[in-house]
Amino acid sequence: SRKKGGLITCFSEESDMLRCRQLSSIFRAQKLRLDRRLYPVSISMAIHSQRGLNTPKLYTQRASFCSNNNNSHDRDPDDENTHENEEKNTETDEQQQMQAPAVRFPVNGGVSILSQTGRLTGMESSTNMDVQQFPRSVFMIPVTRPFLPGFTVGITISKDSAIELLRHQKENKVTYIGMFLCSDNDSKQKVNGTIHSVGTLAEVKNISASRGTSGYAKQQQLIISSVGRIKLAPNETPTFSHKDLSIKNVDIVPLQSPDYDKGSSEAKYYRSQILSCISNMVQISSAHRVQYAHISTVNPQELSYIADIAAFLSTNSIPVIQDILEESDVIQRAHKSLKLISNELTILKIRLDLQATQLQNLKEFTKKQKEEGTKTVGEPKWRDRMKEFPPPAYVQEVINEEMEKYSTMQPSSSEYATVRNYIDWLTQMPWGKYTKDNFDLDAAEKILEENHYGLKDVKERILEFIAVGAMKQQIETAVSHGKIICLIGSPGVGKTSIGKSIAAALQRQFHRIAVGGMRDVSEIKGHRRTYIGSLPGKIVQAIKHAKSFNPVVVIDEIEKLSRSGEGDPAAALLEVLDPEQNKEFMDHYLDIPIDLSQVLFVCTGNSIQSIPEPLMDRMEVIEVPGYTTYEKVKIAEDYLIPKAAKETGLDPAVVKLARPDLHHLIDSYCREPGVRVLQQKIESLYRQAAVSIVKKESNELVLNKDNLQEYLGKPSYSISEAYLDAPPGIVVGLGYTGFGGNILILETVSYPVSGEGSAQAVKITGNLGQVLIESATVAQAYARTLLRKFEPENNFFDKNNVSIHLPNGAVKKEGPSAGIALVSALVSLATGKQVDAKLAMTGEVTLTGRIIAVGGIKEKMLGAQRSGIERICLPEENRFDFEELDDTLKNEFTEVKFFSRYEQLYQHLFQNEQSSPQKE
């Protein structure tokens, strides 16, 4: 034997010395954490090696610390005299401890209460202790997990409950509480539950505040020492409600245990087996080792206490632990505890074996990799990709460096997945792959005609682009000369489908990128590899998916790019769309230059107003106008009706719709510039026809002007007949939005000036922009000047206030093109002369009466044609724009006149005879 720090350690083998030193340190550290009055004088440990057993068994005895002769509970554990006395009495203590335990647990399960100088131990007190009567009632604390006797733990209760407990202790001079398991306890839902009748008697060691993050002590922490098993008295009801969750006084009785023979073979068997399991578990599991460190002493002779330690170290469910707590028979309790700890030890050994096997496999795998010098995981796939798409030399150098780094990394490394994904992306890029362009103009023109009706200007520009490529035999030269194509037009006019047709005509791969609402630069230029889940940008992804370095990439909704704290994607597109810069495009993820000069970018949008000027400078804008009614009819007959019939599995002739009736359908339901709504209406008709055929009601659907409303509902548009006899002051203007052209009804009214005051400025309403409001001010000033010149005696504007309103207030209206319409409305109101309701006009007017050109002539003409307008007045400067229109659209109007000054328009509207206008 050897004395070590106040402990007596006995060894049967030299190899056990290190293990004993470790366990001695655990107990020494534990003694320093315990209350001084609980400091044990000595603890004996013996590790016995038994023949045939590889794992030694640990036996420790609970120490005697309550002797009244030496008052050992009041001594300082660090006092040198204390250690000296301990060393002197070591031999005597060892003999006493090996003969019998210093503190014995009562076989009947009772609890002894010591005198004021003694401590409550949960075991039967020694003969030199003053024993008081067992408490008949204690404060009950409902707990969510059962506590076993013999352990010191901490629990938290509410502040009010702690105050009540302190008051009860002061009045009754009792420091004991009863802890009982409560079932179905859900304090959040405040449901009722049941208290288990068997619990644990505990002594309150200390009460301290448990402060939260705010520093306010809302709860109190109790340090308690569980000392024995108790049960509720027969008069106590084992139910509680949420209001009873605070502690309350209950009557208790000790849980009686039948006597058993400690020297029986059965008791010895359970003691040895349980102690062996505890020893093995503490050795192989660090978590159980820490948990075991909280046990002050172990008495190898007390089977009941050993069984409780086994249950304490197990991680079984609450009902299982409660069952052990309620078991009064010590042998049965030991049997259940041995079963629990044996199962847990088996699981721990299996887990350790698996970990050891995995570690060994990992070591062998790493060793094999280092010997081979390369990684085998993923490498065959990478090699095959590089054979299919051989990368350039500078890319191959990067791949080799990354693969070498990958070969030396462990799978547990934080960069393992990052490097692997990076190599995946580098090897998946189609390096050196370019599709051969088709420069056959006849074939390209045929494809464009098959997929699109009309759009003459767009088709000519695309054919020019292909022709330049045919002359140079490389399309990238055409890109550098012709810039980037940007298709601007209303929704539904076929901008994206034009991009598909371009790809089909050139026989290139096609990919579409939607950038509407995009506000992160990383979506364009990629994320840096330092971020979790980083990916390349949309441009690199498009090349990867197209498996070619010269695809046709459509960047859709380019005017809807957003700007945020993550940067400006529109600025990031400058490098992508600039032919001088995209030859060495740098993606943040790949971090190598990529040649985008042979990629054909086609951008689309609804309006050019919100596209930044630097970005516009890099693109060639091609306006895709809306379709006329005639073009919509042809598109419906040649494209939409066959497509709808094919999708519904019907013959196109099942739906009978004559051309005049199709005209009526378009005018009443589909006046939008595109054909998307028209496609929806036609598909709806064919679906209703399919329902009729399935129900065997009819084999065909015959439609005309009279029954269209029955199948399609109320018409969305109609030509207002009220303005055929409109009063003076009402004029029809023309406007243009991102959804196409439309008519604007300008309404004016007047009311006399009150009293001696003068007329106010014109009031204009209708959700108007600043430019339109300024146009109204200019129109009023010029109208006054015009009347003084042509009608000097007319003092209408001096005696009346005027208000102008543009209906449809939910629609934002902006721009100067309503200038001549505003002047005409004011002059009509002042002179009392009507303006033809079938006549519409557009143009900007100045203070001197000049009429300036405006934009969107075709869209405005289409809007006028859809609304039933017959006569048009345009600025002289827009004559060329009108001449460029299709003859079919121009023939829809009976008269189109051009004016350079408003005096000419005034004479045409208010002084000439308009009963039989001549077409110009």
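Tutor: Let's start with a cut-off: buried means under 20% relative accessible area, exposed means over 50%, and partly exposed is what falls in between. Keep in mind that this is a predicted model.

Student: OK, then why is Thr496 called partly exposed?

Tutor: Thr496 has a relative accessible area of 22%. Partly exposed is the class between 20% and 50%, so 22% puts Thr496 in that class. Thr496 is found in helix H16, residues 495-506.

Student: And what makes Gly489 buried?

Tutor: Buried needs a value under 20%, and Gly489 has 2%, so buried is the word for Gly489. Gly489 belongs to strand E12, which runs over residues 484-489.

Student: How do you know that Gly489 and Thr496 are part of a binding site?

Tutor: That comes from the record: an unreviewed UniProt entry lists Gly489, Ser490, Pro491, Gly492, Val493, Gly494, Lys495 and Thr496 under "binding site". Such annotations may be inferred rather than shown by experiment.

Student: On to charges. Why is the pair Lys205 and Glu203 called a salt bridge?

Tutor: The rule asks for a side-chain nitrogen of Lys or Arg within 4 Å of a carboxyl oxygen of Asp or Glu. For Lys205 and Glu203 the closest N and O atoms are 3.4 Å apart, so the pair passes the 4 Å limit. The structure holds 24 salt bridges.

Student: Are Lys205 and Glu203 buried or partly exposed?

Tutor: One of each. Lys205 has 26% relative accessibility, so Lys205 is partly exposed. Glu203 has 7%, so Glu203 is buried.

Student: What makes Asp323 and Lys336 a salt bridge, and which helices does the pair tie together?

Tutor: The closest N and O atoms of Asp323 and Lys336 are 2.9 Å apart, and that is within the 4 Å allowed. Asp323 lies in helix H8 (residues 318-326) and Lys336 in helix H9 (residues 330-372), so the pair ties together parts that are 13 residues apart in sequence. Asp323, at 35%, is partly exposed, and Lys336, at 22%, is partly exposed too. With Glu327, Asp323 and Lys336 are linked in a network of salt bridges.

Student: How do you know that Asp437 and Arg508 form a salt bridge?

Tutor: Their side chains meet at 2.7 Å, N to O, and the cut-off is 4 Å. This pair links distant parts of the chain, 71 residues apart: Asp437 is in the loop between helix H12 (416-428) and helix H13 (441-451), while Arg508 is in the loop between H16 and strand E13 (510-514). Asp437 and Arg508 are both buried.

Student: What makes Asp457, Glu460, Glu464, Asp881 and Glu884 a patch of negative charge?

Tutor: Those five gather on the surface, and Asp and Glu count as negative. A patch takes residues with over 30% relative accessible area and no salt bridge, with like charges joined within 9 Å. Take Glu460 as a test: 38% is over that 30%, and the same 38% makes Glu460 partly exposed. Glu460 lies in helix H14. Helix H14 (residues 456-472) supplies the largest share of the patch, three residues.

Student: Which class does Val458 of H14 fall in, buried or exposed?

Tutor: Val458 has a relative accessible area of 3%, under the 20% line, so Val458 is buried.

Student: Why are Leu359, Leu362 and Phe365 called a nonpolar patch?

Tutor: Leu and Phe are on the list of nonpolar side chains, which are joined within 5 Å. Together the three have about 240 Å² of accessible area. Phe365, in helix H9, has 31%, which is over the 30% a patch member needs.

Student: Last one: what makes helix H18 largely enclosed?

Tutor: Seven of the nine residues of H18 (residues 538-546) are buried, so H18 is largely enclosed by the rest of the structure. The buried ones are Ile539, Val540, Gln541, Ala542, Ile543, Lys544 and Ala546. Just after H18, Lys547 takes a positive phi of about 55°.

How values were computed: Residues numbered from 1 in each chain as written. Predicted model: local features only at pLDDT ≥ 70, side-chain atom pairs only at ≥ 80, totals over all residues. Heavy atoms only, no water. Areas by Shrake-Rupley, 256 points an atom, 1.4 Å probe, with all protein chains shown as cover. Charge placed at Lys NZ, Arg CZ, Asp CG, Glu CD. Helix = DSSP H or I, 4+ residues; strand = E, 2+ residues; numbered from the N terminus. Buried < 20%, exposed > 50% of the residue type's maximum accessible area, 1.4 Å probe, protein only.
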